[in-house]
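Ready for a few exercises? Take a look at the sequence and the model, then work through the tasks below.

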Amino acid sequence: MIHPSTIKTLIATLLCWSVATTIEAQGVKAGIDAYGFFDNSEGDDTYRTALTHSGIRLTPRLEVSSNNDEHHLVGGYAFYQEFGEGKMGKGHPEMYYKYNGKKLRVLFGCFPRTLMHEQLPDYLVCDSIRYYRPEMSGFDFLYTTEKGHLEVFCDWTQLRSETEREQFMAGLTTRFRLGRHFQLGIEGYLYHYALKWNNDDHSIHEVITGHPFVGWLSDDVAKGLQLDFRAGMLIQADRDRAEGEGTWHCPLGFVGDLGADWKRFSLHETFYAGKRQQYFGNDGFGKYYWGDTFLQSPWYSRTDLAYRIAQHKNAQLEARCVFNVTDKGLQWHQMLTLRCGFDFDIKKKK
């Protein structure tokens, strides 16, 4: 049975559709996106329980834009269906404004996380967050030049209520190229995990995680081969205000990343060594910890081997094997992911 809130959202979307097709807008188009995933993990459960995540998300949307392509209004609804679930699953609205300037881009509203210029790595935002929390609610400012970019964002993840804590994430990503191949940057965020209304049984938790790095980037090593190497520090400042009057725990470690793409094949290796991250353990996963829980190990290696089975400008089907190795053992994933999107002009720009 379809939830009443879903029906209301569909009615609102249809109303917007009818209005958009009659107003003097310079451009109107409809579209639909699909994201499907199957992720089965097996092996050691010490830092992360081996589970199977699977499902598909369909997002029909409507977009109205100005004639100079600077201003956009987008509305849609993401329907999510988990494999094996008999009744219709839940969904999320997508409603946002987008400004496209020469160097500045602004997103404001509820928009897909994939619209970020550069996706945060798994040690900052792990795969299960992307599966089940694919939308951001807030804003994203992106400034780009020929040498690189600076992106600042705020994701308001939970409204304060009698049963839920107030929560938000605020962060940035930046990467600039110096010369032909040398690069430097930083990525990270603050996560604020606050209180419920009229509830004194909990305390505020805050986590700041940052990754400054330097590296080497090249897309002309050999025909069709692209290399991206980064090395830096993973720095975390973590506290619960009820514990020791808010004592900060600050683990520090080294992170090295190597990515290689050749035709339909890709390899990605991540290695961490240092103090155990996520001081308060799995109790914080999915709450104030969004990074991969394997970082609770003093050293950690993740190896991704991928092959794009189907590749098109509108669709990509990819198979991937992921090997997570820690001081306690091996957990490996067999993954299949689908990304697909189509746009249809209703009214072309004049």
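**Exercise 1: closed spaces**

How many cavities of 30 Å³ or more does the structure hold?

Solution. A few ground rules come before the count. This is a predicted model, where local features need pLDDT of at least 70 and side-chain atom pairs count only at pLDDT 80 or more, while totals for chains, interfaces and linings use all residues. Residues are numbered from 1 along each chain as its sequence is written, and side-chain values use heavy atoms, with hydrogens and water left out.

Step 1: know what to look for. On a 1 Å grid over the protein atoms alone, a cavity is a set of points where a 1.4 Å probe fits but cannot get out; a pocket is an open set with protein on both sides within 12 Å along at least five of seven lines, and lining residues have an atom within 4 Å of a point. Points are joined across faces, edges and corners, and the volume is the space filled by probe spheres set on them.

Step 2: count. There are three cavities of 30 Å³ or more.

Step 3: look inside. The largest cavity holds about 70 Å³. Its lining has 13 residues, with Tyr123, Thr209, Gln236, Gln278 and Gly291 nearest the centre. S10 and S11 are the elements that each give two or more residues to this lining; strands (E, at least two residues) and helices (H or I, at least four) are DSSP runs numbered from the N terminus. The second largest cavity, at about 50 Å³, is lined by Arg113, Met116, Gln119, Leu120, Val125 and Arg130.

**Exercise 2: open spaces**

Work out which residues sit closest to the centre of the largest pocket, and what lines it.

Solution. Step 1: the largest pocket has a volume of about 1,300 Å³. Of its 40 lining residues, Gln119, Asp122, Arg130, His268 and Arg320 are the closest to the centre.

Step 2: sort the lining. It splits into 14 nonpolar, 10 polar and 16 charged residues. Here Ala, Val, Leu, Ile, Met, Phe, Trp, Tyr, Cys and Pro are nonpolar, Asp, Glu, Lys and Arg are charged, and the others, Gly among them, are polar.

Step 3: try the second largest pocket, with about 800 Å³ of space. Asp33, Thr114, Leu115, Arg339 and Cys340 lie nearest its centre, out of 29 lining residues. S16 gives the most to that lining, with five residues.

**Exercise 3: strands side by side**

Trace how S6 pairs with S5 and S7.

Solution. Step 1: S5 (residues 104-112) and S6 (residues 135-144) pair antiparallel over nine bridges; pairing takes at least two DSSP bridges. Cys110 stands opposite Ser137 in S6.

Step 2: S6 also runs antiparallel to S7 (residues 148-158), joined by seven bridges. Phe139 has Cys154 in S7 as its bridge partner. A hairpin links S6 to S7 through three residues.

**Exercise 4: the nonpolar core**

Find the residues that touch the most other members of the largest nonpolar core.

Solution. Step 1: a nonpolar core is a set of buried Ala, Val, Leu, Ile, Met, Phe, Trp, Tyr and Cys residues joined through side-chain atoms within 4.5 Å. Buried means under 20% relative accessible area, with exposed over 50% and partly exposed in between (1.4 Å probe, protein chains only).

Step 2: among the 28 residues of the largest core, Phe153, Tyr189, Tyr191, Leu234 and Trp290 touch the most other members. S9 gives the most to this core, with three residues.

Step 3: a second, separate core of six residues includes Tyr35, Phe37, Tyr80 and Tyr131.
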